[in-house]
Amino acid sequence: MDFFPKSRRRGHFSSAFALHRPAIYQIHTLLCYPRDTMTVTLGFAEPVDEEFQSESFPSKIGGQPRWIDPEHPLNVSQATCDECQKPMALLMQLYAPEDEPASAFHRMMYVFVCRTGSCHRAPASRCMRVYRAQLPEDNAVYEETGEDVEDDDIVWTTKSSVTPAKQCVVCGMAGTKACSKCHERMYCSRDHQLADWEAGHRAQCGSSEQEPEDHVRKLRNQRYPELVIASEEEEFSDGEGDDDDGESDSDSEDEIKPEDGAVVPVTDEKAVDSEVDVDKAFLVFQRRIQQNSDQVIRYARAPGGEPEKPLYVSDAGIPEDVPECELCGVQREFEFQIMPQMLNFLGLKADDPLSIDWGTLLVYSCPNSCDVKDGQFAREAIYRQQFSSQGIGDKYMRALQGDDSGFTKQFDALDM
Ligand SMILES: [Zn+2]
Ligand SMILES: [Zn+2]
Ligand SMILES: [Zn+2]
Ligand SMILES: [Zn+2]
């Protein structure tokens, strides 16, 4: 499998209608896409590499958060599960800069989820959080230090005057508590102090030696595996006119029938036989994603344009009454969705108590990217939509990826 197709780019997601300032920022160009044609940018998971480690604005799954303003990490009280009261973990962060307003020149979306499986029976608003953080071009943190010729990208470097705040050694949120013995290890909460103690700090406290690999690994297991999210514009043949994949037929979305839903394993009679398991939205969903079956993100922000609809996985559970932005009072709009394929990259097994599940996660944000006070975060809204019938998600995903897919092998080899 080729992990770095040429058309994929590192970490840039932005709205389809934005006239991006330096040409090098463009993923979408107005010239190519008339305003009534919404383009969706897809995100794909790829292994981390050296280049990623030095990126100032990574889009990524898992690991510790990389804060847009390292002097102001999120406080754990803003990402604590309402169900179990434990700190949430970073699911992913997405660099999604905007031209307007100027204060969103750098813009990062962070998604946190509780790692306890049973908490995910509660509404997403209780066990998940989304935050928006942004900075103007002229800010106290970054300076432009050149251009990466190969990637046609501006290189931003953290100013030497920046003193990163202390972060929890486990989760990366603000480290407001210190180990009471050595006063050196920092934690967000008592939960993570205990986790570090049990992972090996009990024996290590006060020692000047490096943490043993086992300790590092145990801490890493408290987080989701870290992967790069690369972006690529969706190319989708809807079967009308172009027939380039050789399989398209003249079916419109309205004519999709359950028997077209061939991605579920044929051996699974229950899933194939049961039409009630497969609602129309699911079939549209399935048809749309099977041409890019490993997509983990669909980014479709359209501020100033007609708000784009998510690709629902079911006719049921469509979010209603999305609340207005808490800061400016404007109606939030759909920005991006997290696909069920991302679950395959979280290092979880189906019977794991840490196992979590969704059909899709829908993120709605302020269409104005309104100003956020220095060093603070704006909370945005997240909804979970499940597949219409219990279990179809699992079968579907296994059929899509297979237990022995190339990526899974790569994944194991990387020891993540
Ligand atoms: Zn929880
Ligand atoms: Zn922590
Ligand atoms: Zn200590
Ligand atoms: Zn707002």
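Biologist: What do the buried residues of α6 pack against?
Modeller: This is a predicted model: local features need pLDDT (the predictor's confidence in each residue, from 0 to 100) of at least 70, side-chain atom pairs count only at pLDDT 80 or more, and totals for chains, interfaces and linings use all residues. Residues are numbered from 1 along each chain as its sequence is written, while chains are lettered from A and ligands numbered from 1 in the order in which they are written. Two residues are in contact if their C-beta atoms, placed from the backbone, lie within 7 Å. The packing partner of those buried residues is β12 (295–299).

Biologist: Within what arc do the buried residues of α6 fall?
Modeller: Helices (H or I, at least four residues) and strands (E, at least two) are DSSP runs, numbered from the N terminus. In α6 (residues 280–289), A281, F282, F285, Q286 and I289 are buried, that is, each has 20 or more other C-beta atoms within 10 Å of its own (12 or fewer is exposed, in between partly exposed). They line one face of the helix, because, in directions from the helix axis to the C-beta atoms, they fall within an arc of 135 degrees.

Biologist: Which residues touch the most other members of the largest nonpolar core, and where does this core lie?
Modeller: A nonpolar core is a set of buried Ala, Val, Leu, Ile, Met, Phe, Trp, Tyr and Cys residues joined through C-beta atoms within 7 Å. Of the 78 residues here, the ones touching the most others are V111, F112, V113, I229 and I382. Domain 1 (9–160 + 224–252 + 294–413) and domain 2 (172–222), with bounds from an automatic or database assignment, both give residues to this core, so it lies between domain 1 and domain 2.

Biologist: Is S369 buried or exposed?
Modeller: S369 sits in the loop between β14 (360–365) and β15 (378–385), and its phi is positive, near 40 degrees, though it is not a glycine. Most residues other than glycine have a negative phi. With 26 other C-beta atoms within 10 Å, S369 is buried.

Biologist: And D321, buried or exposed?
Modeller: D321 is in the loop between β12 and β13 (333–338), and this non-glycine residue has a positive phi of about 55 degrees. Because D321 has 4 C-beta neighbours inside 10 Å, it counts as exposed.

Biologist: Which element of the protein chain has the lowest mean pLDDT?
Modeller: Good one to finish on! The chain's mean pLDDT is 80, and 74% of its residues reach 70 or more. Strand β10 (residues 186–187) has the highest mean among the elements, 98, and the lowest, 34, belongs to helix α8 (residues 406–413).
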